[in-house]
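I opened my notebook to go through this model piece by piece. I looked up charge pairs, strands, helices and one loop residue.

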Amino acid sequence: MKRNYKILIIGLVFAIASCSFTTKNFENDNKDKLLIDLISYVLSKAHYDAKDIDDNFSKAVFNDYINALDPLKRYFLASDIEEFKAYEDQIDDQVNNLEVSFFSLTHERLVERMKDAKAFYPELLEKPFNFNEDETINTDYDNLPYATNKEELKDRWRKQLKFSTLSTYLEKQEDQERSEDEVAKTDEELEVEAREVTRTSYQEYFDFNDDLERKDWFSIYINAIVEEFDPHSFYFAPSDKDRFDIQMSGKLEGIGARLQRKSDNIKIVEIISGGPAWRGEEIEVGDQILKVKQEDEKEPVSIVGMRLDDAVSLIKGPKGTKVVLTVKKVDGTIEDIAIIRDVVELEETYAKSAIVDKDEQRFGVINLPKFYFDMQNYKERNAAKDVKEEIIRLKKEGMEGLVLDLRNNGGGSLQTVVDIAGMFIEEGPVVQVKTKEAGKEVLKDKDKSILWDGPLVILVNELSASASEILAAAMQDYKRAIIIGSKQTYGKGTVQNVMDLNRWLRQNEYGDMGALKVTTQKFYRVNGGSTQLEGVKSDVVVVDRYSFIDIGEKDLENPLPWDKIDSADYTPWEGYIDFEETISSSKARMAANEQLKLIEENAKWVSAQREDNEFSLNYSTYKAEVEKDEAEAKKYDAISKYKSDLTYKSLPYEEELFVNDTILKEKRSRWHENLSKDVYMEEAISVLKDLKLNNIKRSKVANIKN
């Protein structure tokens with residue numbers, strides 16, 4: 001695969017060098033036109049499944065781009081959209097002819113409409129809001145029509161400002177009820193304070209917008225084009241590329257969470273193990289950050305509608321400083337969460353193991369957060385080397401069965417997948433990779449030795465993606481492991497490469513052009529099926545909090561389709577283990593498990609909450625709705641209080657480290673405590689026990705027959 005990628009890059013370098021990018025004469029917007037020319041060419045040549053840039057392509061880009069500019073429909077008027085529609089089927093011509101008139105029109109109009117909003121929002125906040133009126137706000141912006149005139153748009157802003165103020169007003173009322181101050185503030189005084197918080201937040205928001213340059217908006221336009229090819233292809237402006245490089249190097253700091261902007265919302269998409277957010281245990285994937293407050297400021301700043309970069313800059317800060325995040329939890333409740341910023345330690349992204357005893361049998365657990373490797377030197381520390389070392393250590397402690405935990409593992413190096421798979425099979429293909437130019441390549445384990453031939457269970461969930469799916473799929477196809485987890489994994493069956501656009505330009509006089517992340521390959525299971533969209537279907541399906549939420553590849557826009565190629569030549573595992581009997585027993589246990597029933601009920605409720613787009617702007621009604629939601633949420637507190645009868649502990653080598661490393665000791669203690677509350681891990685251990693017993697039974701039967 002690495003060889004194929006080099007061939008692809010060399011071919012592109014020569015092809016692009018032969019084109020006269022640096023000799024074309026552009027009268028205006030030179031860099032913009034050069035960027036469009038370069039990106040459209042690279043996509044057409046490098047993308048695995050390049051689309052035709054035609055009228056249908058144009059219409060799709062048009063809709064996504066307009067929605068990206070004004071997702072809450074609080075700037076553009078219906079008349080603006082009608083005017084823009086003259087270009088609805090012309091964007092392909094704009095790209096092919098290196099024209100930017102459509103972008104210029106929309107950008108100039110957006111700036112104009114933002115000035116209008118900036119002028120009238122202070123006026124709307126001059127007078128007190130009447131929270132006794134019976135009116136509502138609908139936040140289903142996808143189905144909300146554009147305002148027909150400025151008066152209607154202004155009223156839409158009024159409702160949004162009132163909704164923001166109402167939320168703060170309720171918080172201040174509740175804070176006062178809990179306060180021990182003798183002199184209570186009046187409702188009128190609290191309303192004034194709440195309105196001032198809204199004013200400050202929106203002033204900050206518009207100040208950030210004022211700092212945006214034309215190039216920032218042009219990047220949005222470019223990505224509307226790029227992302228039409230598939231959801232993982234992306235243009236990195238120079239500053240974005242710098243941040244991407246930092247992330248790839250693993251040097252992370254701040255609160256230890258990865259954020260993503262969807263519409264106008266900033267959401268948590270990953271919690272970095274070992275970071276401040278992870279240590280606090282209050283923030284989780286799916287939470288939405290509404291406001292950010294620094295420790296030296298009185299009022300928080302709303303980040304709703306803010307650029308992701310700007311939101312991140314507010315959340316980040318020096319080690320040891322405190323930031324308070326106002327967070328909307330996945331169940332709809334609002335919480336203020338204080339976090340002390342720190343440097344995120346990479347150690348917690350590495351493989352770690354534990355041992356657990358059940359009914360006089362000892363089992364091992366390996367948690368693998370990602371398939372990591374050194375991009376400069378694969379022989380340095382990588383996921384495969386670490387997993388191998390942990391298995392050897394677990395075997396020394398008498399391990400009789402192994403759980404490999406790939407939950408929330410977003411992927412990484414394909415080579416580490418091949419190396420890890422080889423530890424559980426004698427030899428053979430692990431994954432098939434198909435490249436646009438070079439065709440199919442089968443990546444194989446060529447080492448006949450087997451490091452672990454005992455019972456194996458792999459835990460997955462909806463957030464197990466890419467490389468995680470390859471390993472789970474290979475072990476499932478070989479009938480080597482039982483997969484326990486969600487109905488299906490994430491469903492990402494594609495490979496991306498980041499290409500520095502500057503390397504293909506001669507005599508570049510326009511400065512840094514950024515980089516392009518392009519989908520260049522697709523991978524397939526050894527049985528020939530793709531993991532794209534379908535993911536890996538668990539042998540034992542268990543419900544979790546994400547079961548009723550759209551969270552996978554199939555829920556993104558423009559995903560590449562599922563397909564199938566010829567099966568590779570492989571031989572399934574020929575051990576004595578009877579999977580069907582074990583799987584049947586596990587399914588029966590899971591169906592009767594009260595903890596899982598409660599988790600399913602909670603998951604359905606969370607899903608229903610996310611579908612609720614109508615909110616009252618009447619204080620009494622709104623308060624009653626919030627209290628009802630909070631009371632409902634408390635019903636599910638028992639989920640976090642669950643505890644199995646299993647006790648997990650570290651291996652001897654780690655216990656020796658604890659003497660001088662109290663932080664590591666605390667991290668492992670936290671992990672072991674969470675494992676003891678983990679109903680999925682509890683079931684995985686039970687499955688290992690069944691596999692062990694069934695293996696013994698079949699071995700005895702085989703011996704009798706012999």
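**Entry 1: a pair between loops**

Which side chain meets Glu-284 in a salt bridge? I found Lys-329, at 3.7 Å from N to O. The model is a predicted one, and I kept that in mind throughout. Next I placed the two residues. Glu-284 sits in the loop between α11 (276-280) and β6, and Lys-329 in the loop between β8 and β9, so the pair ties together parts that are 45 residues apart in sequence. I then checked accessibility for each. Glu-284 has 23% relative accessibility, which makes it partly exposed. Lys-329 has 8% and counts as buried.

I also noted a network. Shared partners link Asp-80, Glu-83, Arg-109, Glu-112, Arg-113, Asp-116 and Lys-150 through salt bridges. How many salt bridges are there by this rule? The count came to 54.

**Entry 2: two more charge pairs**

I looked up Arg-178 next. Its side chain meets that of Asp-175 in a salt bridge, 2.6 Å from N to O. Both belong to helix α7 (residues 150-178), where they are three residues apart, so about one helical turn separates them. This fits what I know of helices: with 3.6 residues a turn, residues three or four places apart point the same way. Arg-178 is exposed, at 59% relative accessibility. Asp-175 is partly exposed, at 42%.

Then I took Lys-185. Its side chain forms a salt bridge with that of Glu-193, at 2.4 Å from N to O. Lys-185 is partly exposed at 39% relative accessibility. Glu-193 is partly exposed as well, at 26%.

**Entry 3: strand β8 and its partners**

Is strand β8 largely enclosed or left open by the rest of the structure? I went through residues 322-328 and found five of the seven buried, so β8 is largely enclosed.

I then listed its pairings. Strand β6 (residues 288-294) pairs with β8 in the antiparallel sense, over six bridges. Within that pairing, Val-292 has Leu-325 of β8 as its bridge partner. Strand β9 (residues 334-340) also pairs with β8 in the antiparallel sense, over seven bridges. There, Val-323 stands opposite Ile-339 of β9. The β8 and β9 hairpin has five residues between its strands. One of its residues, Gly-332, takes a positive phi near 95°.

**Entry 4: the seven-stranded sheet**

I traced an open sheet of seven strands with mixed pairing. Its order reads β20-β17-β16-β13-β12-β11-β22. Which strands stand at the edges? They are β20 (540-541) and β22 (648-649). Each has a single partner strand, so one side of each is left without a neighbour in the sheet.

Further in, I checked β11 (residues 352-358) against β12 (residues 361-367). They pair in the antiparallel sense over seven bridges. Asp-357 has Arg-362 of β12 as its bridge partner.

Two helices lie across this sheet's strands. Helix α13 (residues 383-396) crosses β11, β12 and β13 (402-405), at about 165° to β12. Helix α15 (residues 467-477) crosses β13, β16 (456-459) and β17 (482-485), at about 145° to β16.

**Entry 5: helix α18**

I tested the length of α18 (residues 619-634) first. At 1.5 Å a residue, its 16 residues should span 22 Å, and the end C-alpha atoms are 22 Å apart, which agrees.

Which residues of α18 are buried? I listed Tyr-619, Tyr-622, Val-626 and Ala-633. They cover an arc of only 75° around the axis, so they lie on the same side of α18. The face turned away from that buried side carries the exposed residues Ser-620 and Lys-628. I looked for what covers the buried residues of α18. The cover includes α7, α17 (594-610) and β21 (614-616).

**Entry 6: Glu-299**

Last, I looked up a loop residue. Glu-299 lies in the loop between β6 and β7 (301-302). Its relative accessibility is 32%, so Glu-299 counts as partly exposed. What is Glu-299 in contact with, leaving aside its neighbours within four places in sequence? I noted Lys-172, Val-197 and Lys-293. I also checked Ala-194. Its C-alpha atom is 10.0 Å from that of Glu-299, though the two residues are 105 residues apart along the chain.

Definitions and conventions: Residues are numbered from 1 along each chain as its sequence is written. This is a predicted model: local features need pLDDT of at least 70, side-chain atom pairs count only at pLDDT 80 or more; totals for chains, interfaces and linings use all residues. Side-chain values use heavy atoms; hydrogens and water are left out. Two strands pair if DSSP finds at least two bridges between them. Helices (H or I, at least four residues) and strands (E, at least two) are DSSP runs, numbered from the N terminus. Contact means heavy atoms within 4.5 Å. Axes are lines fitted to C-alpha atoms, for helices over the stretch in contact, and angles run from 0 to 180 degrees between N-to-C directions. Buried means under 20% relative accessible area, exposed over 50%, partly exposed in between (1.4 Å probe, protein chains only). A salt bridge is a side-chain nitrogen of Lys or Arg within 4 Å of a carboxyl oxygen of Asp or Glu. The expected span of a helix is 1.5 Å times one less than its number of residues. The arc is that of the directions from the helix axis to the C-beta atoms.
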